[in-house]
Amino acid sequence: MSILWSMGEWIRMARKGTGAKRLDEPTLTVADWAEAALQLIAEAGLQALTVETLATRLGVTKGSFYWHFKGRSELLAAALTRWEQRATTEALTGLSAVTDARQRLRLMLEAATRSPRSRSLYAALAEAAEDPIVRRVLNRVASARIEYLETCYRELDFSPAQAKSKAVFAYAAYRGLLQLAHEAPAVLPADWHSYAAVVLEALVPVRHATRGRARQR
């Protein structure tokens with residue numbers, strides 16, 4: 001279930017629930033609550049995540065929440081576990097099906113070349129990085145993504161040090177763009193085609209680079 005759906009469409013789906021029926025109505029599961037929490041964080045920030053707000057949005061009582069969770073922290077942990085699974089394990093597993101490391105890089109960098117939304121789940125979580133639960137998950141997600149980028153660069157014959165620098169640079173381009181969209185959207189490029197070309201030129205090595213030339217850069 002994509003967290004990029006519109007709020008209205010998501011709420012209509014979430015209210016149906018995905019659990020067993022009770023009085024001819026599907027019940028809400030842990031996954032339903034977690035997805036609803038992610039959507040609320042993306043829309044309004046971590047501070048907006050309360051049991052009462054979420055229950056109201058889902059059209060249920062708070063008792064339904066406490067059937068699954070002991071409290072807000074447990075819900076947040078469950079929600080972020082789902083996001084981390086999608087953002088790392090599932091995404092990187094899908095990319096691994098592409099045999100060409102250069103093509104994998106291009107696919108990963110697409111996110112760093114598109115016009116970002118001013119509000120996104122990642123941006124909202126970054127704003128809440130002081131929360132220990134959020135900070136741990138952001139650390140793991142960033143580390144996994146950078147490690148994967150680094151692996152791709154090493155497959156293209158960059159030295160370990162160069163591959164690490166390239167990977168950090170690539171990820172910083174993505175994260176910086178999200179931050180600018182939130183802080184100063186007016187400064188973002190008007191011509192995204194040209195911007196994408198600049199990013200890809202800087203971060204995706206040309207095909208004719210040989211092993212020796214790549215290591216000398």
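**A predicted, mostly helical chain**

The secondary structure of the chain comprises 11 helices and 2 strands. The model is a predicted one. From the N terminus, the order of elements is α-β-β-α-α-α-α-α-α-α-α-α-α. The chain has 217 residues, of which 42% count as buried. Among contacts between residues at least 6 apart in sequence, 66% join residues at least 24 apart.

Confidence varies along the chain. The average pLDDT is 83, and 82% of the residues score at least 70. Among the elements, helix α8 (residues 132-155) has the highest mean pLDDT, at 96. Helix α1 (residues 7-16) has the lowest, at 40. Over residues 1-16, pLDDT stays under 50. The model has 28 contacts beyond four places in sequence for this stretch. Residues 18-24 also have pLDDT under 50 throughout. For them, the model has 12 contacts beyond four places in sequence. Where pLDDT is low, the predicted coordinates should not be read in detail.

Helix packing was examined for three pairs. Two packed helices are described by the angle between their axes and the distance between the axes. Helix α2 (residues 30-44) packs with helix α3 (residues 51-58) at an angle of about 105 degrees. Their axes are 10 Å apart. An angle from 65 to 115 degrees counts as roughly perpendicular, and α2 and α3 are therefore roughly perpendicular to each other. On the α2 side, the contact is made by W33, A36, A37, L40 and E43. On the α3 side, T53, L54, A55, R57 and L58 take part. By class, this contact of α2 with α3 has 7 nonpolar, 1 polar and 2 charged residues.

W33 of α2 also figures in the surroundings of H68. H68 is placed in helix α4 (residues 62-68). With a relative accessible area of 25%, H68 is partly exposed. The C-alpha atoms of H68 and W33 are 8.8 Å apart in space, and the two residues are 35 apart in sequence. Not counting residues up to four places away in sequence, H68 touches L28, T29, V30, W33 and E74.

The second pair joins helix α5 (residues 72-95) with α8. The axes of α5 and α8 come within 10 Å and cross at roughly 5 degrees. Angles under 35 degrees count as roughly parallel, so α5 is roughly parallel to α8. Helix α5 contributes S73, L76, A77, L80, W83, E84, A87, T88, L92 and L95 to the contact. Helix α8 contributes I133, V134, V137, L138, R140, V141, A144, R145 and Y148. The residues of the contact of α5 with α8 divide into 14 nonpolar, 2 polar and 3 charged.

Further along α8 lies E150. E150 is buried, with a relative accessible area of 17%. Leaving aside neighbours within four places in sequence, E150 is in contact with P160, A163, K164 and A167. These four residues fall in helix α9 (residues 160-183). The loop between α8 and α9 holds D157. The phi of D157 is near 75 degrees, a positive value in a residue other than glycine. Most residues other than glycine have a negative phi.

The third pair is α9 with helix α10 (residues 192-203). These helices pack at an angle of about 160 degrees, with their axes 10 Å apart. Angles over 145 degrees count as roughly antiparallel, which makes α9 roughly antiparallel to α10. The crossing of α9 and α10 is right-handed. K166, F169, A170 and L177 of α9 make the contact with W192, Y195, A202 and L203 of α10. By class, the residues of this contact of α9 with α10 comprise 7 nonpolar, no polar and 1 charged.

Helix α9 also holds L178. L178 counts as buried, at 10% relative accessibility. Not counting residues up to four places away in sequence, L178 touches P116, S120 and Y122. The C-alpha atoms of L178 and R117 are separated by 7.7 Å. Along the chain, L178 and R117 are 61 residues apart.

Technical notes. Residues are numbered from 1 along each chain as its sequence is written. This is a predicted model: local features need pLDDT of at least 70, side-chain atom pairs count only at pLDDT 80 or more; totals for chains, interfaces and linings use all residues. Side-chain values use heavy atoms; hydrogens and water are left out. Axes are lines fitted to C-alpha atoms, for helices over the stretch in contact, and angles run from 0 to 180 degrees between N-to-C directions. A crossing is left-handed if the near helix is turned anticlockwise from the far one by less than a right angle, and right-handed if clockwise. Contact means heavy atoms within 4.5 Å. Ala, Val, Leu, Ile, Met, Phe, Trp, Tyr, Cys and Pro count as nonpolar, Asp, Glu, Lys and Arg as charged, and the others, Gly among them, as polar. pLDDT is the predictor's confidence in each residue, from 0 to 100. Buried means under 20% relative accessible area, exposed over 50%, partly exposed in between (1.4 Å probe, protein chains only).
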